[in-house]
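Me: I'm new to this one and would like to learn how to read it feature by feature. Can you walk me through it?

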Amino acid sequence: MAISHATDATFDSMIGSGITLVDFWASWCGPCRMFGPIFESVSDQTSDATFVKFEIDEANRRTPAKYGIRSIPAILAFKDGELIEARTGLMDEETLMAWIQELKG
């Protein structure tokens with residue numbers, strides 16, 4: 001499944017339906033750049049969840065502040081627009097896949 005890219009203006013409309021995982025990241029963050037291909041690979045293997053990337057930058061500060069993002073990468077899981085769980089730090093593919101299965105269960 002393709003990864004969508006959100007901004008402050010589009011964020012709420014992108015998390016409104018089903019299970020959505022959002023990767024908060026920045027281009028200057030080494031662990032974020034390492035996690036990007038893992039997030040993309042898992043999105044290609046998972047058809048029943050939505051994957052969104054949100055780059056924290058000068059133009060997009062409202063959403064990270066709303067969710068208390070203080071460390072990146074931060075992966076937030078939403079179900080029908082409601083935050084259900086958040087994790088920070090680099091995850092491997094197996095850990096991310098297992099987490100998604102937990103969220104669906």
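Me: Let's begin with threonine 46. Which backbone oxygen lies 2.9 Å from a polar atom of its side chain?

Reply: That's the backbone oxygen of valine 42. Bear in mind that this is a predicted model. Threonine 46 lies in the loop between α2 and β3.

Me: Is threonine 46 buried or exposed?

Reply: Buried means under 20% relative accessible area. Threonine 46 has 5% relative accessibility, so it counts as buried.

Me: On to helix α2. How many Å should its 16 residues span?

Reply: The idea is to allow 1.5 Å a residue, and for residues 30–45 that gives an expected span of 22 Å. The end C-alpha atoms of α2 are 24 Å apart, which agrees.

Me: Where does α2 bend?

Reply: At glycine 36, by about 25 degrees. A proline, proline 37, follows within four residues.

Me: Which residues of α2 are buried?

Reply: They are Cys32, Phe35, Gly36, Ile38, Phe39, Val42 and Ser43.

Me: And what do the buried residues of α2 pack against?

Reply: Three strands and a helix: β2 (19–25), β3 (50–55), β4 (74–79) and α4 (93–104).

Me: Cys32 caught my eye. How many disulfides does the count come to?

Reply: The count comes to one disulfide. It joins cysteine 29 to cysteine 32, with an S to S distance of 2.5 Å. To get its handedness, look at the angle about the S-S bond: here that is 75 degrees, and the link is right-handed. Both cysteine 29 and cysteine 32 are buried.

Me: Now a strand that α2 packs against. What is in contact with aspartate 23, leaving aside its neighbours within four places in sequence?

Reply: Aspartate 23 is found in strand β2. Its contacts are Phe35, Phe39, Val52, Lys53, Phe54, Pro73, Ala74 and Ile75. Two of those names, Phe35 and Phe39, are also among the buried residues of α2. With a relative accessible area of 0%, aspartate 23 is buried.

Me: How many residues apart in sequence are aspartate 23 and phenylalanine 54?

Reply: They are 31 residues apart in sequence, and their C-alpha atoms are 6.0 Å apart in space.

Me: Pro73 was in that contact list. What kind of peptide bond joins isoleucine 72 and proline 73?

Reply: First the general idea: most peptide bonds are trans, and most residues other than glycine have a negative phi. The bond between isoleucine 72 and proline 73 is cis, with omega about 0 degrees. Proline 73 sits in the loop between α3 (62–66) and β4.

Me: You brought up phi. What is phi of aspartate 80 near?

Reply: It is near 50 degrees, a positive value in a residue other than glycine. Aspartate 80 is found in the loop between β4 and β5 (82–88). Its relative accessible area is 48%, so aspartate 80 is partly exposed.

Me: Let's try another loop. Where does asparagine 60 lie?

Reply: In the loop between β3 and α3. Asparagine 60 is buried, with a relative accessible area of 9%. A polar atom of its side chain lies 2.9 Å from the backbone nitrogen of aspartate 8. Not counting residues up to four places away in sequence, asparagine 60 touches Thr7, Asp8, Phe54 and Glu55.

Me: And at the other end of the numbering, which strand holds serine 4?

Reply: Strand β1, residues 4–6. Serine 4 counts as partly exposed, at 28% relative accessibility. Outside its sequence neighbours up to four places away, it touches Met14, Phe51, Val52 and Lys53.

Me: Back to α4. Is leucine 103 buried or exposed?

Reply: Leucine 103 lies in helix α4 and counts as buried, at 11% relative accessibility. Setting aside neighbours within four places in sequence, leucine 103 is in contact with Ile19, Leu21, Ala77, Ile84 and Glu85. The C-alpha atoms of leucine 103 and glutamate 85 are separated by 8.6 Å.

Me: One last thing. What pLDDT does the chain average?

Reply: The general caution is that where pLDDT is low, the predicted coordinates should not be read in detail. This chain averages 95, and 99% of the residues score at least 70. Confidence is lowest in α4, at a mean of 95, and highest in β4, at 98.

Terms used. Residues numbered from 1 in each chain as written. Predicted model: local features only at pLDDT ≥ 70, side-chain atom pairs only at ≥ 80, totals over all residues. Heavy atoms only, no water. Helix = DSSP H or I, 4+ residues; strand = E, 2+ residues; numbered from the N terminus. Expected span 1.5 Å × (residues − 1). Bend = angle between axes of the 7 residues up to and from the residue. Buried < 20%, exposed > 50% of the residue type's maximum accessible area, 1.4 Å probe, protein only. Contact = heavy atoms within 4.5 Å. Disulfide = S-S within 2.5 Å. Polar contact = N/O pair within 3.5 Å; in protein donor to acceptor, adjacent residues only side chain to side chain. pLDDT = per-residue confidence, 0-100.
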